[in-house]
Amino acid sequence: MTELLSVDQLRTSFFTRDGEVQAVRGVSFSIKEGELIGIVGESGSGKSVTAKSLLRLIPPSGQIVGGQSKLRGVDLLSLPEEKLRKVRGHQVAMIFQDPMTSLNPVLTVGAQLTEVLRRHQKLSRRHARQEAIEWLRQVGIPSPEIRIDQYPHEFSGGMRQRVMIAMALSCKPDLLVADEPTTALDVTIQAQILALLTNLCKTTGTSVLLITHDLGVVAQVCSRVIVMYGGLIMEEGTVEDIFSAPQHPYTKGLLRSIPRMREGRRERLVPIEGSPPNLLNPPSGCPFMERCPQASSECLILPPYVESKPGHRSLCWLTVARKSERQEGLQ
Amino acid sequence: MSDNSLLEGRGQARTGKTPLLEVRRLAKHFTIEKSLFGRTTKVLKAVDDVSFHIHRGETFGLVGESGCGKSTTGRSVIRLFDITSGEICYEGIDLAGMNERQLKPYRQKMQAIFQDPYSSLNPGMNVMELISEPLEIYGGYSRSNRRDRVIELLERVGLKREHADRYPHEFSGGQRQRISIARSIASGPEFVLCDEPISALDVSVQAQVVNMLEDLQQELGLTYLFIAHDLSMVRHISNRIGVMYMGKLVEVSFSEELYTHPAHPYTEALLAAIPIPDPKVLMPTDRLLQGELPSPIDAAIGCKFRSRCPYASRRCGEEEPVLKRIAPGHYAACHLHE
Ligand SMILES: Nc1ncnc2c1ncn2[C@@H]1O[C@H](COP(=O)(O)OP(=O)(O)OP(=O)(O)O)[C@@H](O)[C@H]1O
Ligand SMILES: Nc1ncnc2c1ncn2[C@@H]1O[C@H](COP(=O)(O)OP(=O)(O)O)[C@@H](O)[C@H]1O
Ligand code: SF4
Ligand code: SF4
Ligand SMILES: [Mg+2]
Ligand SMILES: [Mg+2]
């Protein structure tokens with residue numbers, strides 16, 4: 001698989017009255033063609049800011065202070081605005097948690113969908129309408145011929161999210177960035193939307209960057225996962241590696257804190273004590289230090305990324321130590 | 001519903017004792033449109049003929065899709081509003097028709113924690129004021145005793161005495177939920193309605209709050225009505241669970257029984273939709289529910305689930321199934337179980 005997107009040392013901050021909020025503090029990763037990759041982490045860990053930075057969709061108080069985000073070799077962070085506008089919605093599409101904020105309430109669903117279609121493919125009005133009805137059908141909206149002339153408020157949350165998916169995928173993007181697309185929905189609708197998203201992306205070959213805080217969603221949908229905390233990537237690997245051989249204490253803590261379906265009730269849950277760091281004055285060392293049961297004074301300095309096996313890296317002094325032990329063992 | 005008697009006093013091993021709370025044929029209807037002349041034109045049956053009981057010290061979970069009537073049921077039980085019909089018996093005494101003055105002793109015994117720790121705490125009050133408010137209302141504490149009691153409560157929920165002078169916005173979501181918990185147990189209640197108390201929290205913090213609720217239950221002998229979206233958390237915390245669909249209770253059983261032997265097609269579909277946090281166990285996509293909730297306003301005859309039910313037959317369109325006992329302590333409302 002060839003590389004589609006490559007993000008290098010991305011840093012984004014918000015300049016607020018209280019000072020600089022360092023939301024993303026040096027994030028690097030890449031996405032291959034046709035790949036489904038997940039970002040997990042608790043709220044405030046920098047998932048959404050990372051996603052929005054990729055397309056320079058940061059609100060005015062925010063600023064990308066460093067890094068690159070290359071789509072097929074072209075750095076989106078230094079692209080002139082009008083060229084970037086062509087990339088958005090064409091090569092890269094985005095869907096958000098609350099579809100109501102992204103749909104225009106005064107235009108019918110059909111008007112919005114045909115507009116997108118006509119912008120990206122030179123279609124006649126009639127043709128575009130036909131195509132729009134087809135897309136609504138594709139994403140599982142019943143009676144699309146009638147629904148197309150309705151307004152967003154006449155749709156349920158799940159249906160609006162389907163419309164967003166139809167709009168995003170109708171321009172056949174190379175990359176779809178989906179920020180918590182099912183968090184506001186019920187599990188039954190979530191399951192439908194996720195099945196739809198993965199099937200459509202498989203058939204069109206679209207890569208997906210899926211942001212979620214639900215480890216179950218990642219396990220079911222993604223092939224690779226990035227774990228974020230305090231504006232940094234803590235660990236990255238295939239879902240199999242992350243779920244069966246997590247290396248980072250934060251990842252381990254996250255996995256331990258979910259109640260297992262197998263387990264009988266009243267087995268005590270294992271939380272991670274404490275709360276995430278303040279990104280206004282982030283710790284210079286390991287951001288997880290305050291909550292980490294294995295922290296030592298060494299952790300006052302930020303560890304380097306170390307691969308425990310190819311494609312599985314983590315940011316923790318324990319991984320560094322394990323690696324050097326292994327190397328000594330080999331010698 | 002004709003089968004009410006089946007739901008009475010049938011807790012495992014607790015048979016014989018009066019339940020702490022017994023809800024009989026509860027209905028709460030909302031008027032959503034009025035004609036020019038003030039006549040009601042449309043009625044939304046948010047809760048329609050719901051019966052269940054909760055034993056002292058027990059946790060009863062309530063699950064179902066958004067809008068199915070979970071919160072309305074919970075709010076009816078603690079009498080946050082007048083109900084349309086039915087009985088809410090607390091230790092055998094019906095609260096349904098009581099006025100505010102008559103309710104006062106019960107308000108002290110029944111407290112609540114809500115989902116949003118941001119909006120459920122008054123931002124203009126500091127922690128000391130927030131937690132001492134119920135102490136003032138329900139009395140029994142002098143001013144200096146009150147301060148001691150607040151500090152004791154703060155420490156009990158894992159906060160520090162220094163926190164007493166701070167305001168809600170200075171706390172994280174998990175800490176705010178601890179403040180809500182301290183406030184809810186301040187008056188010494190017996191029953192606590194927990195309406196999605198962990199839904200707005202991160203996974204790692206959810207476990208902190210659930211552990212705390214379990215510890216408090218043990219220590220203080222509390223009884224919980226626990227409402228949640230997260231089906232694996234509900235399974236963890238509840239002794240018994242009720243599944244709601246469009247204002248109706250469609251299945252009630254012991255937690256393990258419900259998860260291992262779901263009887264109602266809706267429960268089955270709900271469980272099949274939980275994303276399993278293990279990449280090696282793929283979800284059964286063939287059991288995914290199709291379609292969405294029909295409009296709650298359009299009253300229909302027959303089973304409310306039939307538009308999405310893979311097993312629906314003609315009878316399901318003609319006759320509404322009632323909750324029936326299908327195994328000891330296990331009830332379901334579906335024609336498949338006759
Ligand atoms: N004050 C009200 N006026 C009119 N309709 C209401 C009112 N309160 C609730 N409803 C309606 O009653 C139904 C049940 O609502 P309820 O809040 O009990 O659902 P819920 O199961 O708690 O949902 P959620 O999971 O989203 O919290 C919904 O259709 C809702 O829109
Ligand atoms: N518009 C904004 N102004 C100031 N700070 C912001 C803004 N948006 C996000 N942040 C901060 O950036 C950090 C990361 O936020 P975000 O990426 O939204 O987290 P999440 O991982 O939950 O998506 C948080 O500390 C958040 O408070
Ligand atoms: S670097 Fe130290 S504090 Fe950070 S996760 Fe590893 S052991 Fe814990
Ligand atoms: S009564 Fe009929 S429609 Fe309703 S759940 Fe049972 S089989 Fe399905
Ligand atoms: Mg976010
Ligand atoms: Mg509710």
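Biologist: Which residue of E2(A) stands opposite A:Arg11?
Modeller: The model is predicted. E1(A) and E2(A) pair in the antiparallel sense over eleven bridges (strands are DSSP E runs of at least two residues, helices H or I runs of at least four, numbered from the N terminus; pairing needs at least two DSSP bridges). In this ladder, the residue of E2(A) facing A:Arg11 is A:Arg25.

Biologist: What touches H1(A) on the sheet, and what angle does its direction make with that of E1(A)?
Modeller: H1(A) packs on the sheet through E1, E2 and strand E4 (62-71) of chain A (contact is heavy atoms within 4.5 Å). Its direction and that of E1(A) differ by about 115° (lines fitted to C-alpha atoms, for helices over the stretch in contact; N-to-C directions, 0 to 180 degrees). The angle asked for is about 115°.

Biologist: What are the numbering and confidence rules?
Modeller: Residues count from 1 along each chain as its sequence is written, while chains are lettered from A and ligands numbered from 1 in the order written. In this predicted model local features need pLDDT of at least 70, side-chain atom pairs count only at pLDDT 80 or more, and totals for chains, interfaces and linings use all residues, with side-chain values taken from heavy atoms, hydrogens and water left out.

Biologist: Which strands stand at the edges of the chain A sheet?
Modeller: Four strands form this open, antiparallel sheet, in the order E2-E1-E4-E5. The edge strands each have a single partner, so one side of each is left without a neighbour in the sheet. They are E2 (19-32) and E5 (74-75) of chain A.

Biologist: How many residues surround ligand 2, and which element gives the most to the shell?
Modeller: 14 residues surround the ligand (a heavy atom within 4 Å). The closest are A:Gly44, A:Gly46, A:Lys47, A:Ser48 and A:Val49. Strand E1 (3-16) and helix H1 (47-54) of chain A each supply at least two shell residues. With three residues, the element that gives the most is H1(A).

Biologist: How far is a backbone N or O atom of A:Lys47 from an oxygen atom of ligand 2?
Modeller: Backbone atoms reach ligand oxygens here (polar contacts are N or O pairs within 3.5 Å). For A:Ser45 the distance is 3.2 Å. For A:Gly46 it is 3.0 Å. For A:Lys47 it is 2.8 Å.

Biologist: Which element supplies the largest share of the shell around ligand 1?
Modeller: The shell lies in chain B and includes B:Phe30, B:Leu44, B:Glu196 and B:His229. Strand E2 (40-54) and helix H1 (70-77) of chain B each supply at least two residues. The largest share, three residues, comes from H1(B).

Biologist: How far is a polar side-chain atom of B:Ser71 from an oxygen atom of ligand 1?
Modeller: B:Gly67 uses a polar backbone atom, 2.7 Å from a ligand oxygen. B:Lys70 uses a polar side-chain atom, also at 2.7 Å. For the side chain of B:Ser71 the distance is 2.6 Å.

Biologist: Which strands stand at the edges of the chain B sheet?
Modeller: Eight strands form an open, mixed sheet, ordered E6-E7-E8-E3-E9-E10-E12-E11. Two of them have a single partner strand each, so each has one side without a neighbour in the sheet. These are E6 (110-113) and E11 (324-327) of chain B.

Biologist: Which residue in E10(B) stands opposite B:Ile241?
Modeller: E9 (240-245) and E10 (248-254) of chain B pair in the antiparallel sense over six bridges. Across from B:Ile241 in E10(B) is B:Ser253.

Biologist: What angle does the direction of helix H9 make with that of E9(B)?
Modeller: Helix H9 (265-272) of chain B packs on the sheet. H9 touches strand E3 (59-63), E9 and E10 of chain B. Its direction makes with that of E9(B) an angle of about 100°.

Note on methods: A polar contact is a pair of N or O atoms within 3.5 Å; within protein, one must be able to donate a hydrogen and the other to accept it, and residues adjacent in sequence count only if both atoms are side-chain atoms.
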